[in-house]
Amino acid sequence: MHSFLRTALSFSSHVQEYAIIGFVKQAEEQAGRQHTVMTQERNRSASVQATLMHISDLHASRYFQHHIAEQLAQQAHALQPDLLVISGDFVQRADFPEQWHAITAYLKTLPQPQLVVPGNHDVPLFQMFDRLMAPLKLYRRYISDNLNPTFRLPGLLVVGGCTAHGLTISGGYLSAEQLATMEQTFQQAPPGTCKVAVMHHQVIEPPGAHGDIRIANDRNVVRMFERCSVDLMLCGHVHVPHVGNTRGLFPDIRRGTIVCQSGTSTSSRLRGGRSPNSFQLIQIHLHAIEIMTYGYRTTTARFEPVQEYILPRVETPIDPVADLYDQPGQSVNMQ
Ligand SMILES: [Fe+2]
């Protein structure tokens with residue numbers, strides 16, 4: 001049986017372990033409409049191997065919305081993730097120490113452990129000397145000295161990669177050395193480990209995205225993910241929540257990596273003014289990855305579950321990706 005189909009069938013039994021505990025019907029008079037709010041609780045102990053909470057693009061500055069940030073912290077503690085991932089852009093303008101002071105204080109209100117990577121806004125814009133010679137000096141001083149962090153639990157490996165460098169304006173990249181280190185770390189994981197990569201920048205373009213959304217060497221990164229059987233990539237940058245797969249942009253790859261992009265969790269810099277502040281709760285199961293996007297709702301003043309994806313984990317590579325490049329005459333859309 002095709003391994004992907006086998007995985008999907010195996011997963012179906014686990015779906016039943018989710019219990020929709022309650023449906024709360026909440027009448028709202030505003031605008032003369034009624035909304036139905038569905039709340040879900042899950043039986044975590046049955047099949048969940050690990051729970052990640054993913055937030056991004058906090059942007060400490062005048063754009064930082066304190067009431068939403070406080071609510072985010074409250075819900076983060078209530079959800080009790082095994083790991084809180086923050087995928088960059090801690091400040092709006094890295095040149096200003098007061099923004100670093102503010103975000104440092106806020107991070108202390110969020111649950112631990114945290115895995116963090118910098119974004120392009122965490123590199124100074126105006127201080128050209130620092131930008132070229134020590135672009136992440138302040139990030140390292142205030143947030144973390146480790147630009148490529150790792151986190152391990154039994155059955156889980158999370159590896160962060162810094163894509164924001166000195167000349168980064170918007171799009172970033174992973175250096176050859178970073179790619180090699182990440183690949184070595186992923187390859188050394190025991191069989192069956194759920195492998196998660198974290199970067200600020202994207203490797204695929206979500207619908208409606210404009211400009212240089214993807215990192216410069218996106219194809220090399222996607223190819224490395226494929227070789228290492230990376231299950232999931234977490235990123236931010238675009239300020240819109242989105243879930244996709246590397247197969248969507250690189251159709252010649254066989255296995256693919258789920259791409260989970262968080263919107264800005266606390267900033268008023270909403271793309272087009274329409275996408276709500278958001279975060280994602282990711283539950284890793286033996287045979288599936290469940291992603292719930294939470295969006296901030298002004299009528300309830302809290303983040304509510306708005307969109308859920310339950311995606312099968314591909315247990316083994318369908319084919320070694322190297323075969324694609326070794327066969328002459330193959331059409332391969334990756335350079
Ligand atoms: Fe951002």
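## A tour from an edge strand to the core

Begin by selecting strand E10, residues 242-245, where the side chains alternate: His242 and Gly244 point to one face and are buried, while Val243 and Asn245 point to the other face and are not buried. In a regular strand, side chains alternate between the two faces of the sheet in this way. Keep in mind throughout the tour that this is a predicted model.

Next, add strand E11, residues 258-261, which runs antiparallel to E10 and is joined to E10 by 4 bridges. If you label glycine 244, you can look across to its bridge partner in E11, which is valine 259.

**The sheet around E10**

Now widen the selection to the whole sheet, an open one of 6 strands in the order E6-E7-E8-E9-E11-E10, with mixed pairing. The edge strands are E6 (150-153) and E10, each of which pairs on one side only. From one strand to the next, the twist averages 15°.

Go to the other edge strand and select E6 together with strand E7, residues 156-160, which pair in the antiparallel sense over 4 bridges. Within this pair, arginine 152 stands opposite leucine 157 in E7. Then show helix H7, residues 176-187, which packs on the sheet and touches E6, E7 and strand E8 (194-198), its direction making about 175° with that of E7.

**The other sheet**

Move on to another open sheet of 6 strands, ordered E5-E4-E3-E12-E13-E14 and also showing mixed pairing. Strand E5 (114-116) and E14 stand at its edges, and each has a single partner strand, so one side of each is left without a neighbour in the sheet. Neighbouring strands here are turned by 20° against each other on average, with direction ignored.

Within this sheet, select E3 and E12, which pair in the antiparallel sense over 6 bridges, and find histidine 54, whose bridge partner in E12 is glutamine 280.

**Helix H3**

With that sheet still displayed, add helix H3, which lies across E3, E4, E12, E13 and E14 and runs at about 50° to E14. Helix H3 covers residues 66-79, and at 1.5 Å a residue its 14 residues should span 20 Å, which agrees with the 20 Å between its end C-alpha atoms.

Which residues of H3 are buried? They are Ile68, Ala69, Leu72 and Ala76, and they cover an arc of only 100° around the axis, which puts them on the same side of H3. An α-helix has 3.6 residues a turn, so residues three or four places apart point the same way. The buried residues of H3 pack against several elements, among them strand E3 (48-55), strand E4 (83-86) and helix H4 (97-107).

Turn the view to the face of H3 that is directed away from its buried side, and you will find the exposed residues His66, His67, His77 and Ala78. Just after H3, glutamine 80 takes a positive phi of about 50°.

**Into the core**

Finally, select Val198 and Met233, which touch the most other members among the 70 residues of the largest nonpolar core. Leaving aside residues up to four places away in sequence, valine 198 touches Val85, Ser87, Leu115, Val117, Val158, Gly160 and Leu234.

To close, show the whole protein chain, with its 9 helices and 14 strands. Of its 335 residues, 40% count as buried, and among the contacts with a separation of 6 or more, 74% are accounted for by residues 24 or more positions apart.

Methods
Residues numbered from 1 in each chain as written. Predicted model: local features only at pLDDT ≥ 70, side-chain atom pairs only at ≥ 80, totals over all residues. Helix = DSSP H or I, 4+ residues; strand = E, 2+ residues; numbered from the N terminus. Buried ≥ 20, exposed ≤ 12 C-beta atoms within 10 Å, placed from the backbone. Contact = placed C-beta atoms within 7 Å. Pairing = 2+ DSSP bridges. Expected span 1.5 Å × (residues − 1). Arc of directions from axis to C-beta. Core = buried A, V, L, I, M, F, W, Y, C linked by C-beta atoms within 7 Å. Axes fitted to C-alpha atoms, helices over the stretch in contact; angles between N-to-C directions.
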